[in-house]
Amino acid sequence: MKIKQHKKRIFSGVQPTGNIHLGNYLGAVKNFVKLQRLGNETLFCIVDLHAITVWQDPKVLQSSIRELAATFIACGLDSKKSVLFSQSQVSSHVELAWIFNCVARMGWLNRMTQFKDKAGKNKENASVGLFAYPALMAADILAYHATHVPVGEDQKQHLELTRDIATKFNNDFQVPNFFPNPEPIIEQIAPRIMNLRDGSKKMSKSDTSDMSRINIQDNKDLIALKVRKAKTDQEPIPEDIVDLEKRPEANNLINIYASLIDCTPKDVLTEYCGQPFSNFKPKLAEVLVSELGPISKKINQLLEHPDEIDKVLNEGAIKAKKISEPIIKDTYKILGLSNNISN
Ligand code: TYM
């Protein structure tokens, strides 16, 4: 088999498990839009098969998939420039995931911190899918021979595992460079947006308190309330980054502001140093509302035409299959498996 050099191809995924929050937006989706704008070849996937590693109500899941597609588009992803689709529409993902289940080692998956966090104390009761989740994620990326993956910092370990799987496969079957070693692209200012009530935890969809996160569709009043109630400390805004970094909640709010207005945290400190957070918070709420308000409005408009959203996803799936199916075919050939793909 001819081993070709991999061209730059960007892939990322988001789970359709309810509301997209500010962490997903600043840590991932906003970066997707930037990468698309730079003219890269980009694929963005709604990873619905990952979502079912924990229980999902089928009716809710279906509308969450459309909602996430609408969110992608409302944030600036354009189906003419990027391939937008859902994972379950392209069987290459599950086909390659099975193969990777046979490549990845139990010890590797046992070390995944996200599994430990999600399974909690009741590991015995977690689904096998939740355990094998990172092998499916590796399949998502490598089914397209993607070379770059924009993600938040929390996905770094999964990306390392993807590289380990790619390397082991290439070595085991002596196909140097068949699968690329994909690089994460992690946003510098917003690699990890933290929980508004506890600066030691990341902002997450699964936190029981809605006050801990800003959802992309929160209205103006709710955003203002959540920012006002966000935990800070008594100290004014410092002048030095070193002093800010010792204060996790304060650091988080400054980083959010910097990321929203595309400047550095140091620029924000220069503008606000010496001021109390009670002065800064209304400014933060203002930039949040001006960024998220139009997105929210657009999501609602798009959701009025669900058939158009489905059309975008169907067309995206056709394009995604065109890229991934020949790669799966080659993978089968390498493994000595049947070379025929039925669909
Ligand atoms: P998910 O759906 O949990 O999150 C989607 C993206 O949002 C980022 N993110 C954050 N970034 C900064 N601060 C936060 N508090 C924060 N919370 C979430 C995540 O890092 C992610 O980039 N396993 C992935 C989905 C996935 C995937 C893939 C990603 C499946 N297959 C292939 C890339 C490539 C996940 O659970 O993301």
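1. In this predicted model, Arg 192 and Glu 153 form a salt bridge in which the closest N and O atoms are 3.2 Å apart. The pair links distant parts of the chain, since Arg 192 sits in the loop between β5 and α9 while Glu 153 sits in the loop between β4 (148-150) and α8 (156-172), 39 residues apart. Arg 192 is partly exposed, with a relative accessible area of 37%, and Glu 153, at 31% relative accessibility, also counts as partly exposed.

2. It helps to place this pair in its setting: the structure holds 19 salt bridges. Side chains of opposite charge can pair when their charged atoms come close. One of the salt bridges joins Lys 201 to Asp 207, with 3.5 Å between the closest N and O atoms. Here Lys 201 counts as partly exposed at 40% relative accessibility, whereas Asp 207 counts as buried at 18%, because a residue under 20% is called buried.

3. A salt bridge can also be found within a helix, as Glu 315 and Lys 311 show, both of them lying in helix α14, four residues apart, or about one turn of the helix. The closest N and O atoms of Glu 315 and Lys 311 are 3.8 Å apart, and Glu 315 counts as partly exposed at 40% relative accessibility.

4. Which residues are linked with Asp 218 in a network of salt bridges? They are Asp 210, Arg 213 and Lys 226. Asp 218 itself is placed in the loop between β5 (183-185) and α9 (220-229), and Asp 218 is buried, with a relative accessible area of 10%. The side chains of Asp 218 and Lys 226 are joined by a polar contact of 2.6 Å, and a polar atom of the Asp 218 side chain also lies 2.9 Å from the backbone nitrogen of Asn 215. If neighbours within four places in sequence are left aside, Asp 218 is in contact with Arg 213, Ile 223 and Lys 226.

5. Helix α14 (residues 306-335) also packs against helix α3 (residues 58-75), at an angle of about 80 degrees and with the axes 10 Å apart. The two helices are therefore roughly perpendicular, because angles of 65 to 115 degrees are counted that way. On the α3 side the contact is made by Ile 65, Arg 66, Ala 69, Ala 70 and Ile 73, and on the α14 side by Pro 306, Ile 309, Asp 310, Val 312 and Leu 313. Sorted by class, this contact of α3 with α14 has eight nonpolar residues, two charged residues and no polar ones.

Terms used:
Residues numbered from 1 in each chain as written. Predicted model: local features only at pLDDT ≥ 70, side-chain atom pairs only at ≥ 80, totals over all residues. Heavy atoms only, no water. Axes fitted to C-alpha atoms, helices over the stretch in contact; angles between N-to-C directions. Parallel < 35°, antiparallel > 145°, perpendicular 65-115°, else oblique. Contact = heavy atoms within 4.5 Å. Nonpolar A, V, L, I, M, F, W, Y, C, P; charged D, E, K, R; others polar. Buried < 20%, exposed > 50% of the residue type's maximum accessible area, 1.4 Å probe, protein only. Polar contact = N/O pair within 3.5 Å; in protein donor to acceptor, adjacent residues only side chain to side chain. Salt bridge = Lys/Arg side-chain N within 4 Å of Asp/Glu carboxyl O.
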